[in-house]
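Please read the sequence and the three-dimensional model together, moving between them as the paragraphs below take up one topic after another.

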Amino acid sequence: MSAASNESEVRLVVFRLADEDYALPIEGVHSVERIMPTTRVPRAPHFVDGVINLRGEVVPVINLRRRLGLPAIENNEDMHIVIALAQEQLVGLLVDEISHVLSLPKTAIQPAEQVIGETNRNFLRGVGKWEDSLVVLLDLERVVDPEM
Amino acid sequence: MEMSQYLEMFMEEAKEHIQTLNTSLLYLEQNPHDKEVVGELFRAAHTLKGMAATMGFERTAQLTHRMESSLDLVRQDKLTPDSNFITALLRAVDVLEELVESAADGQEDQSLSIEPIMAALPVLADATQPAKMEVAAAAISELDEHARLVLDAAVKQGMRGYRLDVRLAPGALLKSARAYMVFQRLEQHGEIIHAEPGVPDLEEERFDDEFSLWVITDSSGEALQDEVENIVDVREVTVVPLAGVAGQTTLAEPSQELAHVARLRTGKSVRVDISRLDRLMNLVSELVITRTRLTQISRDLGSTVLADTTASLNRILLELQDEVMQVRMVAVEQIFNRFPRMIRDLSQQLGKEVDFIISGQETELDRTIVDEIGEPLIHLLRNALDHGIEAPAERERVGKPAVGQLRLSAYHRGESVFIEVQDDGRGIDATRVKQKAVERGLLTEDEANALDDEGAYKLLFQSGFSTAEQVSDVSGRGVGLDAVASKIASLGGRTLIHSELGVGTTFTIVLPLTLAIMATLQVRVGDERYAIPLSVVDQTALLKRRDLTIVQHRLSMSYQGQTIPVVDLRQALEVDAPNSPAEDVYIVVVYRGRRLLGLMVDELLGQEEVVVKPLGPFVDRCPGVSGATILGDGSIALILDVMSIV
């Protein structure tokens, strides 16, 4: 695999949520962690599971299913926390499963209007076609914006 | 030995002199016949002039020259310093400050107009000549005087002054490098206050084989000689004691301030960038976390050897922590210093007369806190002048002295620092505050009636609340006491009000000594662990459930003869746990503002020093918690914020 990034391509970290593929641009991903104990924060927004100890930093974890309006499930071993870096702050995103890293030509990404389903549209940036499946590209800035 | 280093030193010292000018001018206004303070002012202006000329800051030099000439009139009894004169000089000091600040990048601001300011300063007709020539000439003799003063002050403190005449081997190469080595070696012993030829010449190798350095030091002459003699190419060193020279200085006793400067210069201190201190503090914080973890492991393993080692590590770490904290401590003086001037201008503007008394300015606080408390204090002081202290006529009418009193004091108590702003003004009318609150729909009539005075004062901390009859320039618009209270709360402190109608008002700010490391009481609530800042804890108590009563639908307990509300933390923090069947409950009594509040918890887990970490986006504004900390086992405990808990 070539490490050199191509101007016309986007590199995506792909993960599963409710049997669909979702993705974030790799530049916004700080690391991917196994699920770990979370400390609840009283009166936090409903989609925030709490905070984790990420090697000495206290990082909030967003339950991405709840954030996107998908039905919530019990935590399990397959779950991962995608640590995103937005506006110089770390935020964890709880996902069902981590899949792979994918390079897509920019032309393969279409506007989000064509997405069907119950996902909150505010958080979508577009849809990428990859082989014969679809990957939903999330708008990281919006997902981690407390005002949204 | 490069220019930027001098620039930094210039900036630092210039600021000190500007502060002296400000302080002494205010003093002179009160004591117009005090010749000593005139001398002090004169010297400050004079020294500043010399420094500026040396650095090539002409406008600064011109302005200080003019100030010096004006002050000379006072010194020679040709002029009595009235309030106009003081105001003109204070204005000049303001411009001077701007000039100096603009010089931070090595160039003074040419666009700043100094002419109108200079024109306002009285001088004798023949002294109005442009100062340029004289300044250039003054630069050398000036430096000498400054050096003499420093020397004089140092000698008074038991240090010694020497002149070292150094001769290099004829035809030595790298002469400037050798001179540099001599500087370096000597600076390990003390301070070099003067060089002949000057440093630029030494650097540029513009000297033959000899140069002389004036040094103040604790070391002996022989030690200096030994130090320098074995440098390559140094052929001969002659050490001449300077005690006699110092004795001959014709100047009066050096003021305390000069002694202070000398102490600073000879104390072998270094200036450190604040970000380095922050980094150091962070590292210590990490160490504290690791130590906690280690302590836990050693407890789990039950190894006595390991336990001994961690115990000794603990001691060292505590000391280290103390040292680092000490390094970060600065006196509140640097904030307090700005206020006398502000108060003077403000009271003139408001037509009020006030005695401004500062005490405890040597009280130390963590640097980050000191940097943040300026604004809230300005606000409280303005508030006191504007709303608190009455106009002279009104004061006389009610039988008070026409001149009001405004006190700003700081003091230590336990782990906290208290800062008080106290006026002897009209006090806060609780009834009017309540009326206003009802008018604005903040309270119902009934609620207002039920509220006592203390409760009424607290309304002042609510957003947008102001009792000023008119909006004045002074207290500003929109920014109320709420801004003060929330700023102080964000620093982990609290703000208290005490007032007596017609007698005066006292605002008290209680601040922690430092922000990064906090002493906490750890408690269990359900299955969760929380840390309560020890600074707000009054006491803990073990009670029977039946000791708690319901007063006006609120859970309460009696404590030291009074009834205080109790908050069940399980409910307040929405902890998911079955109701405790336990008959025994633990109560942590905390201060919430001036009031006491009981917090009901399941278990007390002990005291622990913790490193405070920010919570991060989404969770940093949740009421009831203000931060988090990582425990020895890697888990997280949230830090309770008592102010916002219910």
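What follows treats the contact between the chains, then the sheets, and then some local details of the backbone and side chains.

The model is a predicted one, and the place to begin is the contact between its chains. Chain A contributes 26 residues to this contact and chain B contributes 24 residues, and between them the two chains bury about 2000 Å², of which 63% lies on carbon and sulfur atoms. On the side of chain A, the residues that lose the most area to chain B are Arg40(A), Arg43(A) and Val58(A), which together account for 37% of what that side buries.

How many salt bridges does the rule find across the interface of chain A and chain B? There is 1 salt bridge across this interface, and Arg40(A) forms a salt bridge with Glu528(B), with the closest N and O atoms 2.7 Å apart. Arg40(A) is thus named twice, here as a salt-bridge partner of Glu528(B) and above among the residues of chain A that lose the most area to chain B. In addition, 5 residue pairs across the interface of chain A and chain B are in polar contact, with both residues of each pair at pLDDT 80 or more. Strand 4 (48-54), strand 5 (57-63) and strand 7 (89-95) of chain A each provide at least two residues of the side that touches chain B, and the residues of that side comprise 16 nonpolar, 4 polar and 6 charged.

These strands lead to the sheet of chain A, an open sheet of 5 strands with mixed pairing and the order 3-6-7-5-4. Strand 3 (29-34) and strand 4 of chain A each have a single partner strand and stand at the edges, so one side of each has no neighbour in the sheet. From one strand to the next, the twist averages 30 degrees. Strand 4 and strand 5 of chain A pair in the antiparallel sense over 6 bridges, and within this part of the chain Asn53(A) has Val58(A), in strand 5 of chain A, as its bridge partner. Arg43(A), for its part, is found in the loop between strand 3 and strand 4 of chain A, and it has a positive phi of about 60 degrees although it is not a glycine.

Chain B has an open sheet of 6 strands, again with mixed pairing, in the order 14-18-19-17-16-15. Its edge strands are strand 14 (537-544) and strand 15 (549-551) of chain B, each of which pairs on one side only, and neighbouring strands of this sheet are turned against each other by 40 degrees on average, direction ignored. Strand 14 of chain B runs antiparallel to strand 18 (residues 584-592) of chain B, to which it is joined by 7 bridges, and Val537(B) has Val590(B), in strand 18 of chain B, as its bridge partner.

Two further details of chain B remain. The peptide bond from Glu196(B) to Pro197(B) is cis, with omega near -5 degrees, and Pro197(B) lies in the loop between strand 2 (190-196) and helix 8 (199-203) of chain B. By the rule used for salt bridges, the count over all chains comes to 29; one salt bridge in chain B joins Arg344(B) to Glu29(B), with the closest N and O atoms 2.8 Å apart. This pair links distant parts of the chain, with Arg344(B) in helix 15 (residues 339-350) and Glu29(B) in helix 1 (residues 3-30) of chain B, 315 residues apart.

Terms used. Residues are numbered from 1 along each chain as its sequence is written. Chains are lettered from A and ligands numbered from 1 in the order in which they are written. This is a predicted model: local features need pLDDT of at least 70, side-chain atom pairs count only at pLDDT 80 or more; totals for chains, interfaces and linings use all residues. Side-chain values use heavy atoms; hydrogens and water are left out. Contact means heavy atoms within 4.5 Å. Buried area is the accessible area (1.4 Å probe) that two parts lose on being put together, summed over both. A salt bridge is a side-chain nitrogen of Lys or Arg within 4 Å of a carboxyl oxygen of Asp or Glu. A polar contact is a pair of N or O atoms within 3.5 Å; within protein, one must be able to donate a hydrogen and the other to accept it, and residues adjacent in sequence count only if both atoms are side-chain atoms. Helices (H or I, at least four residues) and strands (E, at least two) are DSSP runs, numbered from the N terminus. Ala, Val, Leu, Ile, Met, Phe, Trp, Tyr, Cys and Pro count as nonpolar, Asp, Glu, Lys and Arg as charged, and the others, Gly among them, as polar. Two strands pair if DSSP finds at least two bridges between them. Axes are lines fitted to C-alpha atoms, for helices over the stretch in contact, and angles run from 0 to 180 degrees between N-to-C directions.
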